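Please look over the structure shown here before reading on. The paragraphs that follow move from a whole interface to a single pair of helices.

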Amino acid sequence: MHVRLNDRAFALLLLAPAALFMLVLVAYPLLDLVRNSFFNGMLSAPDAGHFVGLDNYASAIASPQFSGALARTILYTLIVVPCELVLGIAAALLFNAIGQRSAIFRTVFAFPLMIAPLVAGLLWKFLLSDNFGVINWILHWVGILRDPTSISWLSDPTLVMFSVAIPDIWLTTSFVALVVYAGLQGIPGDILEAATIDGAAYFQRLRYVTLPLLRPVLAVVLVIRGVDAAKTFDVIWLQTQGGPAFASEVLSLQIYRTTIRFGDLGQGAAIATMFLVAMTVVSIVAVARVWRPGEGARRA
Amino acid sequence: MRRVGIIAVLFVLVAGACSSSATTAPGGSVTAGVTLNVLVEAGGYGAEVTLAKAFEIATGNHINFVQVPYQGVYDKLSAEMSSKAGAYDVATIDEVWLPTFASFLVPLDSLFTADVKSNLFAHEVEVAQQGGHYVGMPMWDNAEIIFYRSDLFSDQAEQANFKAKYGYDLAAPTTWQQYSDIAQFFTRKDASGAATLYGSAVTGAMDSDFENLSLQAGSPGTILDANGKSIINNAQHQQALQYLTDLVCKYKVSPPNVAASDWGATQNLFNQGKAAMMMFWGHAYRFIPSDAPVVGKVGVAPMIAGSAGIGATPGPWFNVIPTSSKHQDVAQAWIKFAYDHNDFALQAPLGLVATKSAYNSVVGTAGFENIKPLLDTLSGPATKDRPLVADWQKIVDNVLVPTVQKAVACGSSPTDLLNAADQQLKSMGH
Amino acid sequence: MPSTAYPARRRIQVARIAVVVLLLLVLVAYVFPYAYLLGTSFKQSGATLGVPPSILPPVWSLDNYTGLGNHPEIPQTFVNSLAIAVLSTLLALVLGVPAAYAISWYGTGAGRVFFVIALVVRMVPSVSIAIPLFLMLGRLGLIDSWIGVALAHTTINLPLSIWLLAGFFESVPHELEEAARVDGCSRIGALVRIIVPVMVGGIAVTAVFAFLASWNEYLFALLLTTNKAQTVPVLIAGFNTQYGVDWGLMTALSVLYSLPVVLLSIGLQRKVVAGMTMGAVKG
């Protein structure tokens with residue numbers, strides 16, 4: 001039986017299963033979240049709350065912890081995303097340059113992904129500890145640090161945001177490198193050959209041929225990682241629980257703390273909703289400017 | 001390829017559906033054949049696993065432990081409270097959660113006979129009562145005691161030097177002054193200025209030291225009074241925070257940057273032989289690794305005393321029954337069994353119990369040297385529980401821990417910090 | 001001519017040395033923490049937190065691994081983790097491949113809207129949808145089952161898969177499909193027989209990430225299981241007790257838990273390489 005669908009209907013048909021799934025399993029909890037933000041329910045009795053209008057939003061915005069967490073979230077994203085993009089792309093190019101022999105390096109590079117973020121957070125807490133952390137001792141043995149306890153990675157308020165970023169960069173550079181590497185493999189070899197024959201040197205080929213062809217993949221990686229960085233939770237929570245004295249408290253930690261530790265469902269939902277709205281705006285802008293999916297596609 | 005994938009999915013879906021069948025039988029019987037689901041964290045599991053086997057032999061009912069991380073117990077009990085699914089019959093919870101769940105717990109008044117009440121510590125009985133009923137039976141109790149390096153304290157040269165410098169004999173500290181003197185005495189540096197030994201570990205990332213000291217100084221309660229109103233900046237709390245700050249900032253008896261030292265860090269500093277003393281939870285005595293440098297060199301003593309005597313904030317854990325449990329009578333039988341055979345828990349790694357009789361049964365036994373100091377501390381005149389208000393966790397996270405961390409960062413005056421904390425508590429309704 | 005060939009060769013040699021040095025740095029930076037994890041799992045408990053710390057165990061000991069023997073629930077949790085990860089990966093691919101194809105190849109407005117929604121979904125902190133999801137799945141009787149957790153994991157995996165796949169689809173030249181259509185293939189036929197095989201590398205990478213996301217996920221696994229479907233990360237987290245981390249058992253279990261995925265990624269690397277060669281030739 002052959003029903004002749006036009007392209008547009010065909011595309012919608014392909015989208016339908018995924019859309020249905022997300023409608024049921026995500027839209028409903030999200031609506032519940034937004035609903036909760038207007039009530040003052042507690043985690044232990046979520047349905048027993050009263051309608052409080054915008055109170056939760058007002059008290060969240062007024063609290064100094066919220067604005068601090070917001071600033072720290074932006075700072076964290078600005079630290080983490082550029083680092084992992086630059087390092088990841090460089091690594092992918094490096095692997096690509098040595099071709100098949102890079103298999104062992106790619107496997108090694110994937111190690112951080114094998115370790116649960118849970119474990120990675122605890123491991124790095126261990127490594128960065130002032131007293132018995134190996135990192136400080138290695139710096140001491142190599143001669144960079146006079147005293148192995150002189151850098152307090154996780155308890156110095158001015159340093160802590162950078163310190164908690166280290167495991168995240170370690171974990172996610174792998175992701176970027178492997179995805180970009182896969183993208184590089186999709187670039188047809190003859191285009192690059194043609195460029196070389198035309199006299200282009202390595203960096204010229206990179207700039208004028210490779211990177212433009214990689215643009216969709218890079219855009220995807222940038223957007224995914226940008227969102228993930230803003231959302232980072234496990235790694236920071238496990239290392240410092242937001243300390244010392246909230247110096248590493250980002251929004252996702254604050255949402256967790258408010259919703260789960262304090263049991264304040266309403267306030268937690270309000271912060272989460274605001275976070276979501278902000279991220280939606282950012283992502284619409286990002287998708288529109290950085291990448292338009294289906295740009296080179298057949299017109300439907 | 002997609003076709004194969006779809007079949008695989010269907011297969012696993014079917015298999016998955018078959019794996020999730022109900023565990024609990026409808027209704028319940030007091031007799032045999034019932035499986036109780038008990039929610040515990042690691043310590044609870046260790047303490048109760050042998051008890052469970054004995055219970056099974058005695059009654060023919062099976063105990064199934066659901067072991068989760070510490071915060072997971074709170075998370076899952078909260079989820080249970082909202083879904084009322086009957087997933088758990090008993091939970092072993094930290095006392096700080098009792099107010100939150102009190103309305104959701106089955107009253108255990110019938111278990112609290114006069115004998116039972118006199119066999120438990122006073123603070124346990126007080127805390128178990130929420131909203132006019134006893135809602136939990138203590139499973140184990142814990143308090144912070146003094147750990148010290150017995151090898152250093154019994155060394156002749158050290159004793160002579162100490163006596164010469166301070167004028168009294170070197171022994172386990174019993175007062176604030178002694179603790180401070182001994183800590184200063186044992187803070188040693190080598191020729192290059194690097195520390196070789198610290199006088200005392202200080203847990204700068206937790207509120208427990210501060211609370212203990214405030215009680216020892218004679219405060220009528222710690223942080224909040226009996227009506228839930230803030231007393232955090234009264235004279236005794238100021239003395240307590242000043243003492244702690246002096247140890248870290250003035251006398252420098254601890255490693256720098258203790259603001260990030262949690263319990264694990266403190267315990268490890270002592271176990272690695274880098275600290276001469278620590279104030280730590282009593283169970284840690286049996287947790288010293290067999291290959292640690294301090295094995296055989298650890299002495300224990302009751303918590304120090306302030307002007308109000310020995311004081312500490314204990315940490316009891318309670319067995320509770322959610323009202324959604326479908327086997328409440330068997331659950332109650334299990335809790336009673338756990339109480340009657342409380343001494344079983346002594347053999348667990350945690351080695352802690354809740355009853356005086358159980359503790360007394362091992363006083364003087366080798367390997368249980370920490371029990372007498374624990375008993376003394378738990379019965380101390382100034383020993384009192386933390387205030388059990390519904391937003392206690394919020395108070396700890398937003399007020400107490402940051403205050404202590406700022407104090408031990410040595411840039412602020414304790415009085416100023418406590419006044420600010422008081423303002424914060426007032427704005428939270430206390 | 002020999003005189004012009006010489007400087008070129010020198011440049012290549014310098015470049016080669018630079019590449020080797022960089023690769024070595026990468027190797028060390030990336031292997032070291034994992035090696036430290038591995039080493040710690042073989043240490044006795046005192047040496048684990050020793051000051052000064054050691055990288056290799058001063059005394060090699062299997063205590064931590066034998067200690068895991070006191071937890072008979074471990075094999076079942078491995079099975080649970082595997083089943084859930086496989087289920088959610090398959091679901092993510094089955095739903096995601098058509099959706100990503102539709103978005104990138106047909107460029108409809110609906111597709112773009114859907115794409116942004118997928119992004120928004122990914123932004124929700126897990127803790128915020130975990131509670132409503134728990135209540136909803138509870139009503140469906142799916143708590144403590146493989147399907148329940150797999151469905152929750154798919155909410156994480158599906159957006160990720162759609163983006164990654166859309167990105168890879170974008171990089172495939174449209175001429176391929178046009179050539180197939182000219183040869184008489186239907187749209188689905190072209191998708192399945194021509195485009196997907198070229199995309200095998202990308203699909204494999206996506207599958208690996210989806211699998212890993214589910215394998216290592218903690219929060220949903222904690223809240224949506226009681227004991228029958230409990231996964232290994234929940235157990236690992238359990239070693240982070242109130243009084244301190246049981247590093248020995250934790251590192252041992254983490255090492256064991258990471259082995260299957262290490263093997264999986266090695267196995268899939270070959271497939272990825274094979275798929276890529278095909279794609280390069282087709283250009």
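**The interface of chain C and chain A**

Between them, chain C and chain A bury about 9,200 Å², and 79% of that area lies on carbon and sulfur atoms. In chain C, the residues that lose the most area to chain A are Y30(C), M123(C) and R187(C), which together make up 9% of what that side buries. The model is a predicted one, and in it 95 residues of chain C are in contact with 99 residues of chain A.

Turning to the polar side of this interface, the rule finds zero salt bridges across the interface of chain C and chain A, while two residue pairs are found in polar contact, both at pLDDT 80 or more. Helix α1 of chain C, which spans residues 2-41, supplies 14 residues, the largest share of the side of chain C that touches chain A. When the residues of that side of chain C are sorted by character, 68 are nonpolar, 20 are polar and seven are charged.

One pair of helices can now be followed from chain to chain. Helix α8 of chain A (residues 160-185) packs with helix α7 of chain C (residues 146-170) at an angle of about 35°, and their axes are 10 Å apart; the crossing of α8(A) and α7(C) is right-handed. From α8(A), the residues F175(A), V179(A), A182(A) and G183(A) meet L160(C), L164(C) and F168(C) of α7(C). The residues of this contact of α8(A) with α7(C) divide into six nonpolar and one polar, with no charged residue.

Note on methods:
Residues numbered from 1 in each chain as written. Chains lettered and ligands numbered in written order. Predicted model: local features only at pLDDT ≥ 70, side-chain atom pairs only at ≥ 80, totals over all residues. Heavy atoms only, no water. Contact = heavy atoms within 4.5 Å. Buried area = accessible area lost by both parts, 1.4 Å probe. Salt bridge = Lys/Arg side-chain N within 4 Å of Asp/Glu carboxyl O. Polar contact = N/O pair within 3.5 Å; in protein donor to acceptor, adjacent residues only side chain to side chain. Helix = DSSP H or I, 4+ residues; strand = E, 2+ residues; numbered from the N terminus. Nonpolar A, V, L, I, M, F, W, Y, C, P; charged D, E, K, R; others polar. Axes fitted to C-alpha atoms, helices over the stretch in contact; angles between N-to-C directions. Left-handed = near helix turned anticlockwise from the far one by under 90°.
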